[in-house]
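Trainee: I would like a close look at one part of this model. Please take me through the surface patch and the salt bridges, step by step.

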Amino acid sequence: MNTPKHTCLKLQIPQHPQPIFIKGTWFSSHFNLSITDGSNAWTCTASEDEVAERASNWDQPVSEYVEMSERYLGFQQPGSVYGFADAGGGFKRLSWTFEKEGTKLEWRWKFKPAENSMKITSGILDFLMDANIRLSEEVVMKTKSNDKLKAEAEKCLEQSEKFQNEKAEFETKIYTKFLGVLNSKKAKLRELRDRVSTDHAKSHDDEEDSSQKTETYDGDSEDEDDTAMDITSTSKGTSRGQKRK
C-alpha cells in the first residue's frame, strides 16, 4: 500500500475511567499509533523490523500481520478483550485478544508518553472532525442521490403504467379489428357455401330434366319402330293379295 490508510477507534475499556481514542496510520509493512484520553497522549512507532520480527514469531506474512492489526485497532471487534494498562515509567501497554484455531491469543504493543500531548490530542480531534464532515457530506450526497433515484423510479413507474394502458388499448383495437375481419370472412365463406349449394342443386335439377327428356324420346322411337313394322306387314299382305287375283 503506497498511500497510507488512517483509522480512529473510540475504545471504552472497563479498567479505564475515560474512553480512549486510537489513531492508526497504516503502511504496507509498518504502522504508527497514537492514543489520547483527552488529557494525556501516547505514541507507538511499529517499525518494519519490529513488524517483521513479530510476524515471523507468529508464522505470518508481514502483510497479514499489518492487516490483522488494522482490523482490531481500526474497528472494535466483538469478542475481543482490549486492555490499556500501565507499563511503568509513564509507558502504557495496549493489548487485544483474538482466537486462532480454537486458541485464545493476545497481541501487545508498548506506548511511550507523547512529547506534546496537546498536539497529539488536537491532531486526533481534527481527524475526527474532518472524518465527521466527510461523512456528513457523504450522507447529504447519498440522500440527494436517493431522492433523485426515487424520483426517477416514480417517473419510470408512471411511464410503465402509461405504456401498459396504451398496450391494453392497442390490443383492444387490434382485437376488435381482427374480429371484424374474421366475421367478414365468415360471412363471405357462408355466402360462397350457400352459392355452391345453390349451384349444385340447380345442376342436379338440370340433370334430372335432361334425363327425363331422354327417356321420352326413346319411347317415341319405339312407337315409330312399331308403326314401321305395322306398315311393312300391311304392305306385304297387300302384295300377297294381289298375286292371288
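Mentor: Start with a cut-off. A residue counts as exposed when its relative accessible area is over 50%, as buried when under 20%, and as partly exposed in between. Keep in mind that this is a predicted model.

Now apply the cut-off. Tyrosine 175 has a relative accessible area of 53%, so it is exposed. Tyrosine 175 sits in helix H3, which runs over residues 117-244. Tyrosine 175 also belongs to a nonpolar patch on the surface. Its partners there are Phe178, Leu179 and Leu182. Together the four have about 390 Å² of accessible area.

Next, the charged pairs. A salt bridge here needs a side-chain nitrogen of Lys or Arg within 4 Å of a carboxyl oxygen of Asp or Glu. By this rule there are seven salt bridges. Three of them follow, including two in helix H3.

Take lysine 142 and glutamate 138. Their side chains form a salt bridge, with N to O at 4.0 Å. Both residues lie in helix H3, four residues apart, which is about one turn of the helix. Lysine 142 has 47% relative accessibility, so it counts as partly exposed. Glutamate 138, at 40%, is partly exposed as well.

Further along helix H3, look at arginine 195 and glutamate 191. This salt bridge has an N to O distance of 3.3 Å. The two residues are four apart in helix H3, so about one helical turn separates them. Arginine 195 is partly exposed, with a relative accessible area of 45%. For glutamate 191 the value is also 45%, so this residue is partly exposed too.

Now leave helix H3. Glutamate 70 forms a salt bridge with lysine 5, and their closest N and O atoms are 2.9 Å apart. Glutamate 70 lies in helix H2 (residues 62-74), while lysine 5 lies in strand S1 (residues 5-11). The pair therefore ties together parts that are 65 residues apart in sequence. What about cover? Glutamate 70 has 13% relative accessibility, so it counts as buried. Lysine 5 has 41%, so it counts as partly exposed.

To recap the part you asked about: the nonpolar patch includes tyrosine 175, which is exposed. In helix H3, the pair of lysine 142 and glutamate 138 spans about one turn, and so does the pair of arginine 195 and glutamate 191. The pair of glutamate 70 and lysine 5 links helix H2 with strand S1.

Conventions. Residues numbered from 1 in each chain as written. Predicted model: local features only at pLDDT ≥ 70, side-chain atom pairs only at ≥ 80, totals over all residues. Heavy atoms only, no water. Patch = residues over 30% accessible without salt bridge, like charges linked within 9 Å, V, L, I, M, F, W, Y side chains within 5 Å. Areas by Shrake-Rupley, 256 points an atom, 1.4 Å probe, with all protein chains shown as cover. Buried < 20%, exposed > 50% of the residue type's maximum accessible area, 1.4 Å probe, protein only.
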